[in-house]
Every structure is written in structure tokens, then in C-alpha cells.
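This report describes the overall fold first and then turns to the aromatic rings.

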Amino acid sequence: TVRRIFPEFAEKNFPTKTITFVVTEQCNMRCTYCYQAGKNDNRMTKDVAFRAVDAILDKEKMEGYMDYEETPGVILDFIGGEPLLEIELVDQIVDYFRWKAFELNHPWHKCYMVSFSSNGLLYFDENEQKFLEKNRGLVSLAITIDGNKELHDACRFDIGGRGTYDRVVRAIRDMVEKRILHSTKVTIAPGNV
């Protein structure tokens, strides 16, 4: 992901680190095969997120785990539940990361990406679109779609029990057009085999 935006990484084969933030345990879908049992309203707080950013950027706290000279790029990865349910928090985390890295003259202030694994249902939400525009060229999305409409809708329902294929395909088409779709994911389960 970082190599796509920063070609010097591909040329020199620089490694990157991925830092994953689990911003929520809630989801706006109820897939039949979901491994994340017990969806609830637990969410990361801004305080916890900012303390995590502070720690990540502190060489002493990382105790050699992250050698910034050897790892000059980072991917901030957001997952959940459905991470786009917490897009305002994600926006605050990314802004704080960007500011702290700049303030510390940290190499990552110039070389970072933002990544999401999402079901795609909130893609057209106004706040999501603002975030994508604000961070144009730095966001990578991975969307889950389980094949054609019949296979996908066999297992992937919204909270109301409706299939989600048509909404996800609409989002994917827009992402492809805007060149922000990084990948798709397929889950194979007894219900769609």
C-alpha cells in the first residue's frame, strides 16, 4: 500500500509497519458466518487512541521494536466491527498522528497511509466522503464481497435482515472509478458454497 504512493519504497524494498486500531466492536451487518461474536457498543476512546499514537512515535517506548531508519513508512489500519461506524474518531486519530509526527520531525509524517477493512455500506456517508477527500491519495480500502448477488446475499445481511450486495457493488464501482479500492475480500462459508 505504501509502495503504491511512494515509489522509492518499491525501488529500495523498504519495509513498512502496519499499526492496527480496533476502533469499534459494533457492526452494521449481521453476517451468518461472522467470527466476531458478541457485537457490542465498545469503542476506542480518543484518549486511548492518542496515547497509542504517542507510544508508537516514541522510540524509547517501542524499545527497538520499530527502528524508524529501517522502517521509514507506516500504515495506520482501522478495523472493527465496522470501522466506518467510527469515522469521526478515525479522522481525529489520523489528524493527531499527522500533527504529532510533524511536531517530532518523525520520518512517518511524510510517509504514511490509512487502511480500512470494511463492508462498504457506509461508503457514501457524508462524513466518510469528507474523510476520503481530506486524505485523498493516502487511503486504501478493502471491501468484502462474496461473489455474485446470490452468493453474497446468502450470508451478508444488514441489521434489518436485507441482503447488501447491490449497495456494496455500487460503493465498489465508485471506489474503482476514484482509484481508492485496494482489494476485495471473499469469505467462503457453508451458506454460500
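## Fold and aromatic pairs

Of the 193 residues in the protein, 46% are buried, where buried means under 20% relative accessible area, exposed over 50% and partly exposed in between, with a 1.4 Å probe and protein chains only. The model is predicted, and local features need pLDDT of at least 70, side-chain atom pairs count only at pLDDT 80 or more, while totals for chains, interfaces and linings use all residues. Residues are numbered from 1 along each chain as its sequence is written, and side-chain values use heavy atoms, with hydrogens and water left out.

The protein has seven helices and five strands, which are DSSP runs numbered from the N terminus (helices H or I, at least four residues; strands E, at least two).

The structure holds seven aromatic pairs; rings of Phe, Tyr and Trp (its six-membered ring) pair if their centres lie within 6.5 Å, and planes under 30 degrees apart count as stacked, over 60 as edge-to-face and the rest as tilted. Two of these pairs are set out below.

| Pair | Centre to centre | Angle between planes | Class |
|---|---|---|---|
| F50 and Y96 | 4.0 Å | 5 degrees | stacked |
| W99 and F102 | 5.9 Å | 40 degrees | tilted |

The pair of F50, in helix α3 (residues 46-56), and Y96, in helix α4 (residues 87-103), links distant parts of the chain, 46 residues apart, and both F50 and Y96 are buried. W99 and F102, by contrast, both lie in helix α4, three residues apart, and W99 is partly exposed, with a relative accessible area of 48%. Elsewhere, ring pairs link F21, F78, F116 and F131 into a cluster.
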